[in-house]
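Good morning, colleagues. Please turn to the sequence and the structure on the screen, and I shall take you through the overall fold and then a single helix pair.

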Amino acid sequence: MDLQFFVEAFVTMFVIMDPPGIIPLFLAYTRGRTAQERRRIAWQAPIVAFCLVVLFAVFGRAILGYLHVEVAAMQIAGGLLLLLVALQLLTGETEPPPNTMKSSVNVALVPLGTPLLAGPGAIVATIVFAQQAGQKEGGILALALAIAAVHILLWVFMRFSVTILRVIKENGVELVTRVSGLLLSALAVQLIITAIRTLVGAG
């Protein structure tokens, strides 16, 4: 296994997916749910993200090529999705409507699994690393272990965020929800700006 490539892929994916930073978002989107539901969402969201990341690691280039979609276009689309999530956090509309059955509203899929965890940044990085892994001895194994390690950490941070909830209470969740919405909106806008700069530079 290529240890240097493993470290590079792990650090990059860790920074992009940001396991510690998902805690306030996880608390916001699981507010009002039971401890058992939070534990279920805590392992479902990383699994959803893991499946999407692996899918794009294997078929990413082919999928984008077949659809004639540029990487910058995916970044802009992801930025718009994140901006929508950020606006929901800022306005306090993270809970499903009262007349909606919780069984049909699974935040582990959207927005936690994607686009918050398996977002455009993680997907693009995965596609790039997958291309590099094929050119290195043991690169595929190193990339697979790096992806798995980051998703295990995501589960750990979300699983123990339930304990954090007992400490900061509902008022604390409300505060971190608003702050997270503000930071996430800035991240979404920056993602769009970066993609536009890439398109302008390419032109």
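Which residues account for most of the contacts in the protein chain with a separation of 6 or more? Residues 24 or more positions apart account for 90% of those contacts. I should state at once that this is a predicted model.

Let me turn to the overall fold. The protein chain contains eight helices and zero strands, and along the sequence its pattern reads α-α-α-α-α-α-α-α. The radius of gyration is 17 Å, close to the 17 Å given by the globule rule for 203 residues, so the protein chain is as compact as a globular protein of that length. Its C-alpha trace spans about 50 × 40 × 25 Å along the principal axes. As for burial, 40% of the 203 residues count as buried.

I now come to the helix pair. Two packed helices are described by the angle between their axes and by the distance between the axes. Helix H3, residues 35-67, packs against helix H5, residues 108-117, at an angle of about 50°, and their axes lie 9 Å apart. Angles that are neither roughly parallel, roughly antiparallel nor roughly perpendicular count as oblique, and H3 is therefore oblique to H5. The crossing of these two helices, H3 and H5, is right-handed.

Which residues meet in this contact? From H3 come Ile41, Gln44, Ala45, Pro46, Val48, Ala49 and Leu52; from H5 come Ala108, Leu109, Leu112, Gly113, Thr114 and Leu117. In the contact of H3 with H5, ten residues are nonpolar, three are polar and none is charged.

Key
Residues numbered from 1 in each chain as written. Predicted model: local features only at pLDDT ≥ 70, side-chain atom pairs only at ≥ 80, totals over all residues. Heavy atoms only, no water. Axes fitted to C-alpha atoms, helices over the stretch in contact; angles between N-to-C directions. Helix = DSSP H or I, 4+ residues; strand = E, 2+ residues; numbered from the N terminus. Parallel < 35°, antiparallel > 145°, perpendicular 65-115°, else oblique. Left-handed = near helix turned anticlockwise from the far one by under 90°. Contact = heavy atoms within 4.5 Å. Nonpolar A, V, L, I, M, F, W, Y, C, P; charged D, E, K, R; others polar. Rg over C-alpha atoms; globule rule 2.2 N^0.38 Å. Buried < 20%, exposed > 50% of the residue type's maximum accessible area, 1.4 Å probe, protein only.
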